[in-house]
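Subject: Structure for you to look at

Hello,

Here is the structure I promised to pass on. Please open it first, then read my notes below.

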Amino acid sequence: MLSKKIEKLLNQQVKFEFDSSQYYLAMASWAEIKGFNGVSKFLYRQSDEERMHMLKLFRFINERGGHAIVPEADAPERNFSTVNAVFELVLKHEIEVSTEINKLVDACLKEKDYTTHNFMQWYVAEQIEEENLARTLLDKLKLIGNDKGGLYLFDRDLASLAASAQSEAGTP
Ligand code: FEO
């Protein structure tokens, strides 16, 4: 059974994952209308993944005797200046999410809730991967600078990255 404190923190995390999904969806839409189809595919996929992160928490809360709450949606930004700026924001956002996850993990230890602590380890590992990926992509973009040809290739690479992630996940 979840304590009220942990239940509240898990529901807050549901909201963070939901906001991430909406945020990446807004970025995907911007990239799509600007003609960056690979970047857009990648971000649509990230948005789906964040929704999956949200649902995993959602189900856990109810399985543990709590009440998972559907969060209210805040309207995310809709305009971004450059692809580089988008990935700066992705990295910043993922670092913020990691901080929140760490706080939740810490609270689990204080409350002696080892079941939730164990469950949250999946998120800890996932955050390391997501931060690393965002950093790698940002490093590439920094090397590319204002080179249009480089950006074209970056966009193409992201299209294949999104496609391979999709086939790994077994989704069409
Ligand atoms: Fe699920 Fe990227 O936070």
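Start with helix α4, residues 114–144. This is a predicted model, so please read every value here as computed. The 31 residues of α4 reach 45 Å from first C-alpha to last. That is close to the 45 Å expected at 1.5 Å a residue. There is still a bend in α4, about 25° at M120.

Both ends of α4 have something to look at. At the start, a side-chain oxygen of D113 comes to within 3.4 Å of the backbone nitrogen of T115. Just after the helix, G145 has a positive phi of about 60°.

Helix α1, residues 4–33, can be checked in the same way. Its 30 residues should span 44 Å at 1.5 Å a residue. The end C-alpha atoms are 44 Å apart, so the span agrees with the expected value. Just after α1, G35 takes a positive phi of about 90°.

Now the charged side chains. How many salt bridges does a search of the whole structure find? It finds eight. Here are some of them.

E7 and K4: These two form a salt bridge, with the closest N and O atoms 3.2 Å apart. Both residues sit in α1, three residues apart, which is about one turn of the helix. Is each partner buried or exposed? E7 has a relative accessible area of 10%, so E7 is buried, the cut-off being under 20%. K4 is at 66%, so K4 counts as exposed, the cut-off being over 50%. This bridge therefore pairs a buried glutamate, E7, with an exposed lysine, K4.

K92 and E96: Their side chains meet in a salt bridge at 3.6 Å, N to O. Both lie in helix α3, residues 83–110. They are four residues apart, again about one turn of the helix. K92 counts as exposed because its relative accessibility is 52%. E96 is at 40%, so E96 is partly exposed.

E100 and K103: This salt bridge has its closest N and O atoms 3.3 Å apart. Both residues belong to α3 and lie three residues apart, about one turn of the helix.

There is also a network. K15, D19 and D74 are joined into one by salt bridges that share partners. It is worth displaying those three side chains together.

Last, the whole chain. What does the secondary structure come to? There are five helices and zero strands. From the N terminus on, the elements run α-α-α-α-α. The radius of gyration is 17 Å, close to the 16 Å that the globule rule gives for 172 residues. The chain is therefore as compact as a globular protein of that length. Along its principal axes, the C-alpha trace spans about 55 × 30 × 25 Å.

Two more figures describe the chain. Buried residues make up 42% of the 172 residues. For contacts between residues at least 6 apart in sequence, 78% join residues at least 24 apart.

If you have only a few minutes, go to two places. One is M120, where α4 bends by about 25°. The other is the salt bridge between E7 and K4, with E7 buried and K4 exposed.

Best wishes

Technical notes:
Residues numbered from 1 in each chain as written. Predicted model: local features only at pLDDT ≥ 70, side-chain atom pairs only at ≥ 80, totals over all residues. Heavy atoms only, no water. Helix = DSSP H or I, 4+ residues; strand = E, 2+ residues; numbered from the N terminus. Expected span 1.5 Å × (residues − 1). Bend = angle between axes of the 7 residues up to and from the residue. Polar contact = N/O pair within 3.5 Å; in protein donor to acceptor, adjacent residues only side chain to side chain. Salt bridge = Lys/Arg side-chain N within 4 Å of Asp/Glu carboxyl O. Buried < 20%, exposed > 50% of the residue type's maximum accessible area, 1.4 Å probe, protein only. Rg over C-alpha atoms; globule rule 2.2 N^0.38 Å. Contact = heavy atoms within 4.5 Å.
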